[in-house]
Protein chains: 2
Amino acid sequence: MIDQYDNERCDSNCPHADAVERVLHHMPPEDELLDLAELFKVFGDTTRMKILYVLFASELCVCDIAEILGMSQSAVSHQLRIIKQAKLIKNRRDGKTVYYSLADDHVKTIIGMAKEHLEE
Amino acid sequence: MIDQYDNERCDSNCPHADAVERVLHHMPPEDELLDLAELFKVFGDTTRMKILYVLFASELCVCDIAEILGMSQSAVSHQLRIIKQAKLIKNRRDGKTVYYSLADDHVKTIIGMAKEHLEE
DNA sequence: CTTTCATATGAGCATCTGTTCATATGTCCA
DNA sequence: TGGACATATGAACAGATGCTCATATGAAAG
């Protein structure tokens, strides 16, 4: 990238100009990185992590989740919307009740990998 | 949990008291969930995601990373500290220069899983 | 020892984020 | 149709977060 930070960088003969060149030409497109960070952001909140975890066990309605987490219905609903936008959960309506469940197995897999990292 | 939100919950004869009970007794300890969310938070920022990505390719020093990302040395250094605290990267010092690299393969695995999810 | 360079860090600030509160939407039942 | 209930949503506010700027630390060279 261009020289906005020249004054802060190591000398122009940066010892690793070759490495820099190589990496620069193998970076994935910007929006792929944005999407990745956006997805991880969903996992990066305790409330949302708890919600995903309780859905490991079974499909649940909003008020069930609120009761389990000891949180307001509103707070839970707001977070469910964020998780759903990331396509990590799906829902179905049965009368007045809306049931949420995990969208697929990726959630468990991703969390499982993270757990492995923590266990070391 | 206890009845701080009684007024907001569905009726006391919540239709899924059994499911609530079951889930409540199979929740992992609070701090495990906190740690998980904390770890994902590290992945949940574009700058940090970029840093991890450039380290996929090779070990790099701080000023290299700053140049690749077009960011200030300070900003990069602050983020490196956060990533290091999560034990996702390690560093070694060679004279004045500090080289950063991925700590292990979990980073790649976790990001790979997330990418799979996005590709659907 | 002093200078120079690479990196680290603390304070301050602007932005983002998660919760609450009030209220809207949607469904069932009388 | 009106009331009760489950859920969704917008506004507002408090706390968290990422950057910048200034400066500190640590290491090599003279």
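## Contacts with DNA strand C

A polar contact is a pair of N or O atoms within 3.5 Å. In this predicted model, the side chain of A:Thr47 has an N or O atom 2.6 Å from a phosphate oxygen of DNA strand C. For A:Arg48, the distance from a side-chain N or O atom to a phosphate oxygen of DNA strand C is 2.8 Å. A:Gln79 also places a polar side-chain atom 2.6 Å from a phosphate oxygen of this strand.

Which elements give two or more residues to the surface near DNA strand C? From chain A they are helix 3 (46–57) and helix 5 (73–85), and from chain B they are helix 4, helix 5 and strand 3. Helix 5 of chain B gives the most, with five residues. In total, 28 residues surround DNA strand C, and the closest are A:Thr47, A:Ser74, A:Gln79, B:Ser74 and B:Tyr100. Sugar and phosphate make up 63% of the atoms of DNA strand C that come within 4 Å of the protein. By type, the residues of this surface are nine nonpolar, 11 polar and eight charged.

## Contacts with DNA strand D

DNA strand D has 28 residues around it, of which A:Ser74, A:Tyr100, B:Thr47, B:Ser74 and B:Gln79 come nearest. Five residues of the surface near this strand come from helix 5 of chain A, and this is the largest share. At least two residues each are supplied by helix 4 (62–69), helix 5 and strand 3 (97–102) of chain A, and by helix 3 and helix 5 of chain B.

The side chain of A:Gln73 has an N or O atom 2.9 Å from a base nitrogen of DNA strand D. Phosphate oxygens of DNA strand D lie 3.0 Å from a side-chain N or O atom of A:Ser77 and 2.6 Å from one of B:Gln79. Of the atoms of DNA strand D within 4 Å of the protein, 63% are in sugar or phosphate, and the rest are in bases.

## Helix 5 of chain B

Helix 5 of chain B covers residues 73–85, which is 13 residues. From first C-alpha to last, the helix reaches 18 Å, close to the 18 Å expected at 1.5 Å a residue. Its buried residues are B:Val76, B:Gln79, B:Leu80 and B:Ile83. These residues lie on the same side of the helix, because they cover an arc of only 110° around the axis.

What do the buried residues of helix 5 of chain B pack against? Their partners in chain B are helix 2 (30–43), helix 3 (46–57), helix 4 (62–69), strand 2 (89–94) and strand 3 (97–102). Just after the helix, B:Lys87 takes a positive phi of about 60°.

Methods:
Residues numbered from 1 in each chain as written. Chains lettered and ligands numbered in written order. Predicted model: local features only at pLDDT ≥ 70, side-chain atom pairs only at ≥ 80, totals over all residues. Heavy atoms only, no water. Helix = DSSP H or I, 4+ residues; strand = E, 2+ residues; numbered from the N terminus. Expected span 1.5 Å × (residues − 1). Buried < 20%, exposed > 50% of the residue type's maximum accessible area, 1.4 Å probe, protein only. Arc of directions from axis to C-beta. Contact = heavy atoms within 4.5 Å. Near = heavy atom within 4 Å. Polar contact = N/O pair within 3.5 Å; in protein donor to acceptor, adjacent residues only side chain to side chain. Nonpolar A, V, L, I, M, F, W, Y, C, P; charged D, E, K, R; others polar.
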